[in-house]
Amino acid sequence: MKFLVYATVGGACALLNLAVLWLLTSVLGVHYLLSNMISFIALTPVGFVMQKLVTFRTPRARAEVEWPRYFATMGASFAANLALMYLLVSVLGMWYLTANVATTAFLLAANFMVNNFWSFALRQR
């Protein structure tokens, strides 16, 4: 059940990401990888708040531990995202928005596992 909530919240973030990516790339002419980077920087805090409040529902006091863990997790995911985006778009010729959806779907389960068992894990002190 938690995975479905995580995927739903992540889906909302993914839609925002697609909108930012499209706006920057197709409307403003920014390179798709730079657009992806800007979107990551803008939306990672949104994703953190949404996942914390809706999916994991951890105590507010845990945010000081969770935020750096979440950012590290998403940073590693972002590195994989950039590599996959480059491969799919620049090497294989896939449209950048389709590649973004495929990459996001591909990384979903790994992101959930790390966030569930590390970023937002509640441990006794």
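1. Contacts along the chain. Taking contacts between residues at least 6 apart in sequence, 67% of those in the protein chain join residues at least 24 apart. The model is a predicted one, and the points below should be read with that in mind.

2. Secondary structure. The protein chain contains four helices and zero strands. Read from the N terminus, the order of elements is α-α-α-α.

3. Overall dimensions. The radius of gyration of the protein chain is 15 Å, which agrees with the value near 14 Å for a compact globule of 125 residues. Along the principal axes, the C-alpha atoms occupy a box of roughly 50 × 25 × 25 Å.

4. Burial and surface. Buried residues make up 38% of the 125 in the protein chain. The accessible surface is about 7,200 Å², and carbon and sulfur atoms account for 74% of that area.

5. Helix α1. This helix covers residues 2–27, 26 residues in total. From first C-alpha to last, α1 spans 36 Å, close to the 38 Å expected at 1.5 Å a residue. Its buried residues are Tyr6, Val9, Cys13, Ala14, Asn17, Leu21, Leu24 and Thr25. These buried positions pack against two other helices, α2 (32–56) and α4 (96–119).

6. Val5. Val5 is another residue of helix α1. Its relative accessibility is 25%, so Val5 counts as partly exposed; the cut-off for buried is under 20%. Beyond its neighbours within four places in sequence, Val5 touches Val54 and Thr55. Leu33, by contrast, is 28 residues from Val5 in sequence, and the two C-alpha atoms are 28 Å apart.

7. Tyr6 and Ala109. Tyr6 is among the buried residues of α1. Ala109 belongs to helix α4 and is partly exposed, with a relative accessible area of 44%. The two residues are separated by 103 residues in sequence, yet their C-alpha atoms lie 9.7 Å apart. The pair can be viewed together with the packing of the buried residues of α1 against α4.

8. The end of α1. Trp22, Leu23, Val27 and Leu28 make up a nonpolar surface patch, with about 390 Å² of accessible area together. Of these, Val27 is placed in helix α1 and counts as partly exposed because its relative accessibility is 46%. Just after the helix, Gly29 adopts a positive phi of about 80°.

9. Asn36. Asn36 sits in helix α2. At 3% relative accessibility, Asn36 is buried. Leaving aside neighbours within four places in sequence, the contacts of Asn36 are Asn17, Leu21, Phe78, Asn81, Leu82, Met85 and Asn100. Two of the residues in contact with Asn36, Asn17 and Leu21, are also listed among the buried residues of α1. Phe78, Asn81, Leu82 and Met85 are further contacts of Asn36, and helix α3 runs over residues 63–91. Asn100 is also in contact with Asn36, and helix α4 covers residues 96–119.

10. Arg57. Which backbone angle is notable at Arg57, given that it is not a glycine? Its phi is positive, at about 50°. Arg57 lies in the loop between α2 and α3. With a relative accessibility of 64%, Arg57 counts as exposed, since the threshold for that class is over 50%.

11. The salt bridge. How many salt bridges does the structure hold? There is one. Side chains of opposite charge can pair when their charged atoms come close. Here Glu66 pairs with Lys52, with 2.6 Å between the closest N and O atoms. Glu66 is in helix α3 and Lys52 in helix α2, so the bridge ties together parts 14 residues apart in sequence.

12. Setting of the salt bridge. Are its two partners buried or exposed? Glu66 is buried, at 0% relative accessibility. Lys52 is buried as well, at 6%. A reader inspecting the α2 and α3 helices may compare this pair with Arg57, which is exposed and lies in the loop between those helices.

Notes
Residues numbered from 1 in each chain as written. Predicted model: local features only at pLDDT ≥ 70, side-chain atom pairs only at ≥ 80, totals over all residues. Heavy atoms only, no water. Rg over C-alpha atoms; globule rule 2.2 N^0.38 Å. Buried < 20%, exposed > 50% of the residue type's maximum accessible area, 1.4 Å probe, protein only. Contact = heavy atoms within 4.5 Å. Areas by Shrake-Rupley, 256 points an atom, 1.4 Å probe, with all protein chains shown as cover. Expected span 1.5 Å × (residues − 1). Patch = residues over 30% accessible without salt bridge, like charges linked within 9 Å, V, L, I, M, F, W, Y side chains within 5 Å. Salt bridge = Lys/Arg side-chain N within 4 Å of Asp/Glu carboxyl O.
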